[in-house]
Amino acid sequence: MQAQFSRLQRLSRTQPIVDWATRAEQLDNLETMLSDSQHSLAKAISSDFGYRSESETQFAELFPSFTGISHAKKHGKSWMKTRRASISALYMPAHNEIQPQPLGVVGIMVPWNYPLYLAIGPMIDALTAGNRVMVKMSEAAPKFAEAFAKAVAHYFSPDMVSVVLGEVDIAEAFSKLPFDHLLYTGSTAVGKKIMAAAAPNLTPVTLELGGKSPVIVLDDANLEAAVNRVMMGKTLNAGQTCIAPDYVLIQRQYHERFVELAKEWMQKHYPNIENNQDYSHIINDAQFKRVQGYLQQLPADQLQPLTKADADAQTRLMPPVFVANPDPDSEVMQNEIFAPVLPLMHYDTLDDAIDFINARPRPLALYVFGSNNRDIDKVRTYTVSGGVCINEVILHVAQHDLPFGGVGHSGIGAYHGKAGFERFSHMKPVFVQAKFNGMNFLLPPYGELFKKGMALLLK
Ligand code: NAD
């Protein structure tokens, strides 16, 4: 790993210019690799999860990867151009430019929940920005990691991209390499360790972390529409999604209707959940036990299963369960859930709901359902979260024209599309002086002309 890093670093210093043709070729490689390997990669993911349908992998991983590549191929050439920046009249006729340059070697650390898209997404941005890339795959999705490493080795020169496999000790060593930028996606707890490991090298980090993303259901929301979207977001990948709705804030009088609609929704979209071919399983025993542990600590009358099926420790199938207004100090409300368990927290006034959110760490995403623009605007204005969807969940992550990232404990920095290109570039400011200019008037000895001029400027 160290030798490979040193090699990439040396290449990035001796061959710092990566033209558009080379960058486009990397994006083509990525596209061909995914086209050729999509079925085997989806199979490997399913095998790591115990089961995940290929349709879900297509929808949540392959689709945003392919569209991200197309977006970068369409715009990358113009993003990398040196561009004029405006200049104050006081410095004219000089002019300003911004010259994007590759940073060098970018490290990418991938979690297990969407191991394909969360490797490919950052790779698209880093390669479009002309960098060389090292990717550390998650040890919790080992079959996919191995298949991905093989595919990358086949389609890429090791001078551009290489993949690192291994357990947590390797991940720790990886995070200590003196990358020119390190993007880490994973939990907030490990994110703190990554930042500490990067600090001695002054390696800049992008931390794509997690947290509890709330949904506010306003009193004028169309409940059926809200349930439809919230359930989509909570059942996708069995809730193992960083921007899945973590809990819902709802007024008490709408609670039972919300639950009824959710049960009907499950019946319609995931009938016969024990053998449903569209519903994912939980990644491993540790995650399964963690979430079941949260449920075991709650009073039985707070648990509202949406189906008749029980969770199965053998197959790690976990059907969705609502939790009725749990104690905010309970584990289910103290930790990111990351599974198909959804607390419905009751609020009285919109101010109470906003205060509840603001009393907790800044969420990665926030969702609001309702029709009254004044209330929606109030939620947008008085809360701070990584991103927001209005009358929708999750889809902001798929917008290549929007930056994606967290804020506070949910992350540092954003990527995707142009924001990602700039994240992995040095946006170098250049001041270009004109042949004839007024700078000599500012030299000492400071005479009358200088003094009069300064008096005018400082007025
Ligand atoms: P994790 O933090 O356990 O692991 C992520 C990566 O960190 C793995 O590759 C692992 O090898 C590495 N790692 C683990 N311990 C390490 C250490 N001590 N030093 C260095 N590296 C170490 O996260 P996870 O369980 O794989 O993923 C789930 C978390 O990721 C959730 O919190 C979720 O919200 C978050 N997430 C965030 C996003 C986002 O885009 N913001 C996307 C997906 C997941």
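Here is a short friendly conversation about the sheet, a helix, the salt bridges and a surface patch of this predicted model.

Me: What should I know about the model and its numbering before I start?
Reply: Residues are numbered from 1 along each chain as its sequence is written, and side-chain values use heavy atoms, with hydrogens and water left out. This is a predicted model, in which local features need pLDDT of at least 70, side-chain atom pairs count only at pLDDT 80 or more, and totals for chains, interfaces and linings use all residues.

Me: What is the strand order of the open sheet of six strands?
Reply: Helices (H or I, at least four residues) and strands (E, at least two) are DSSP runs, numbered from the N terminus. Two strands pair if DSSP finds at least two bridges between them. The pairing in this sheet is mixed, and the order is S5-S4-S3-S6-S7-S16.

Me: Which are the edge strands?
Reply: An edge strand here pairs on one side only. That description fits two strands, S5 and S16 (411-412).

Me: Do S4 and S5 pair in the parallel or antiparallel sense, and which residue is the bridge partner of Met134?
Reply: S4 (residues 132-136) and S5 are joined over four bridges, in the parallel sense. In S5, the partner of Met134 is Ser162.

Me: Which helix does the chain cross through from S4 to S5?
Reply: This β-α-β crossover is right-handed; that is, with the strands pointing away from the viewer, the path from the first strand over the helix to the second runs clockwise. The helix on the way covers residues 142-155 and is H5.

Me: Are the residues of S5 buried or exposed?
Reply: Buried means under 20% relative accessible area, exposed over 50%, and partly exposed in between (1.4 Å probe, protein chains only). Val161 and Val163 point one way from S5 (residues 161-164), with Ser162 and Val164 pointing the other way. On both sides, these residues are buried.

Me: Which residue of S16 stands opposite Leu207?
Reply: Leu207 belongs to S7 (residues 205-208), where it points the same way as Val205 and is buried. Two bridges join S7 to S16, and these strands run antiparallel. Opposite Leu207 in S16 stands Ile412.

Me: What is the handedness of the β-α-β unit made by S6, H7 and S7?
Reply: S6 and S7 pair in the parallel sense over four bridges, and Thr185 has Glu208 as its bridge partner in S7. With H7 they make a β-α-β unit that is right-handed.

Me: Why do the buried residues of H7 lie on the same side, and how wide is their arc?
Reply: Gly191, Ile194, Ala197 and Ala198 are the buried residues in H7 (residues 188-198). Their arc, taken from the directions from the helix axis to the C-beta atoms, is narrow enough to put them on the same side of H7. The face turned away from that side carries the exposed residues Ala189, Lys192, Lys193 and Ala196. The arc covers only 120°.

Me: How many residues apart in sequence are the parts that Asp159 and Arg7 tie together?
Reply: A salt bridge is a side-chain nitrogen of Lys or Arg within 4 Å of a carboxyl oxygen of Asp or Glu. Asp159 and Arg7 form one, with their closest N and O atoms 2.3 Å apart. Asp159 lies in the loop between H5 and S5 and Arg7 in H1 (residues 2-14), so the parts they tie together are separated in sequence by 152 residues.

Me: Is Asp180, the salt-bridge partner of Arg13, buried or exposed?
Reply: The side chains of Arg13 and Asp180 meet at 2.7 Å, N to O. Arg13 is partly exposed, with a relative accessible area of 44%. Asp180 has a relative accessible area of 16%, so it is buried.

Me: How many salt bridges does a search of the whole structure find?
Reply: Another pair is Arg83 and Glu422, at 3.6 Å from N to O. Asp28, Glu31 and Lys73 are linked in a network. The number for the whole structure is ten.

Me: What is the area of the nonpolar surface patch that includes Tyr91?
Reply: Patches are made of residues with over 30% relative accessible area and no salt bridge, where like charges are joined within 9 Å and nonpolar side chains (Val, Leu, Ile, Met, Phe, Trp, Tyr) within 5 Å. Accessible areas come from the Shrake-Rupley method with a 1.4 Å probe; for residues, only the protein chains shown count as cover. Tyr91 has a relative accessible area of 45%, and its partners in the patch are Leu90, Phe431, Leu457 and Leu458. The area is about 590 Å².
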